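Here is a short set of exercises to work through with the model open beside you. Try each task before you read its solution.

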Amino acid sequence: MRSWFIFIWCTAILIFTCTSSFHDFIEFGVVRFRWDGHPTFSDFLSPLPYDLSKGFLLQKLGHIIAFHVLTVLLLMKFRSHMIILALAASFAALTEFMQLYFNRGGRAFDIGFDLLGILLTLAIASLFRIKHSDRINLNN
């Protein structure tokens, strides 16, 4: 059952990231996919914009939250933080790369925001694991 939740969440992330207009998806519920067989790969290495608008920051918060949820789901399935990090980071890179083919702005810096959500979640999980194991040791 946990695998299904992971699959469903990954599918949702793919729909959010590959729909041709995120704005139209959020505002009007329109999901459209436009394939571009010859994307501009140099766009992938574009830097962060100088103007960090509220909308831009909300979008980046969405990256962090989406990959936080994915990491929580993976924590429920796997024990190894290294496996979870590898799976989640690979999926983050895949989604950003795929956006180039769907007329969306796949960017390397977005992988950084995804990693922020992944690593914060793993750090929090590690802290809870350490606190939990300390309690077990104190009771022995």
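Two residues are in contact when heavy atoms of theirs lie within 4.5 Å. With that in hand, Leu74 is in contact with Ile6, Ile84, Leu87 and Ala88, once its neighbours within four places in sequence are left aside. Please keep in mind throughout that this is a predicted model.

**Exercise 1. The overall layout**

Task: Find how many helices and strands there are in the protein, and what share of its residues is buried.

Solution:
- Start with the elements: the protein has 5 helices and 0 strands, so read from the N terminus on, the order is α-α-α-α-α.
- Next, look at the extent. Along the principal axes, the C-alpha atoms fill a box of roughly 60 × 35 × 25 Å.
- Then turn to burial: 31% of the 140 residues are buried.
- Finally, consider the contacts with a separation of 6 or more. Residues 24 or more positions apart account for 71% of these.

**Exercise 2. The two sides of helix 1**

Task: Work out which residues of helix 1 are buried, and which exposed residues sit on the face turned away from them.

Solution:
- Check the length of the helix before anything else. Helix 1 covers residues 2-18, and at 1.5 Å a residue its 17 residues should span 24 Å; the end C-alpha atoms are 24 Å apart, which agrees.
- List the buried residues of helix 1: Ile6, Cys10, Ile13, Thr17 and Cys18. Because they cover an arc of only 110° around the axis, they lie on the same side of helix 1.
- Now turn to the face pointing away from that buried side, where the exposed residues Trp4 and Ile8 are carried.
- Ask what the buried side meets: its residues pack against helix 3 and helix 4.
- Add one residue with an intermediate value. Leu14, also in helix 1, has a relative accessible area of 26% and is therefore partly exposed, since buried would require under 20%. Leaving aside neighbours within four places in sequence, Leu14 is in contact with Phe91, Thr95 and Met98.

**Exercise 3. Helix 3 against helix 4**

Task: Describe how helix 3 and helix 4 cross: at what angle, and within what distance?

Solution:
- Recall what is needed: two packed helices are described by the angle between their axes and the distance between the axes.
- Apply this here. The axes of helix 3 and helix 4 come within 10 Å and cross at roughly 140°.
- The crossing of these two helices is right-handed. On the helix 3 side the contact is made by His63, Phe67, Leu70, Thr71, Leu74 and Leu75, and on the helix 4 side by residues including Ile84, Leu87, Ala88 and Phe91.
- Compare the length of helix 3 with expectation: its 24 residues should span 34 Å at 1.5 Å a residue, and its end C-alpha atoms are 35 Å apart, which agrees.

**Exercise 4. The nonpolar core**

Task: Name the residues that touch the most other members of the largest nonpolar core.

Solution:
- This core has 17 residues, of which Ile6, Phe67, Leu70, Leu74 and Phe91 touch the most other members. Helix 1, helix 3, helix 4 and helix 5 each supply at least two residues of this core.
- As background, nonpolar side chains tend to be buried together in soluble globular proteins.

**Exercise 5. Lys60 and Gln59**

Task: Decide for Lys60 whether it is buried or exposed, then do the same for Gln59.

Solution:
- Place Lys60 in helix 3, residues 54-77. The relative accessibility of Lys60 is 5%, so it counts as buried.
- Find its partners: not counting residues up to four places away in sequence, Lys60 touches Phe109, Asp110 and Phe113.
- Gln59 is found in helix 3 too. With a relative accessible area of 32%, Gln59 is partly exposed.
- Under that sequence limit of four places, Gln59 touches Phe22 and Arg104.
- For a distance check, the C-alpha atoms of Gln59 and Phe113 are separated by 10.0 Å, with these positions 54 residues apart along the chain counted as their separation.

**Exercise 6. A backbone angle**

Task: Find where Asn103 lies.

Solution:
- Asn103 is found in the loop between helix 4 and helix 5.
- Asn103 has a positive phi of about 55°, although it is not a glycine. Most residues other than glycine have a negative phi.
- At a relative accessible area of 33%, Asn103 is partly exposed.

Technical notes: Residues numbered from 1 in each chain as written. Predicted model: local features only at pLDDT ≥ 70, side-chain atom pairs only at ≥ 80, totals over all residues. Heavy atoms only, no water. Helix = DSSP H or I, 4+ residues; strand = E, 2+ residues; numbered from the N terminus. Buried < 20%, exposed > 50% of the residue type's maximum accessible area, 1.4 Å probe, protein only. Expected span 1.5 Å × (residues − 1). Arc of directions from axis to C-beta. Core = buried A, V, L, I, M, F, W, Y, C linked by side-chain atoms within 4.5 Å. Axes fitted to C-alpha atoms, helices over the stretch in contact; angles between N-to-C directions. Left-handed = near helix turned anticlockwise from the far one by under 90°.
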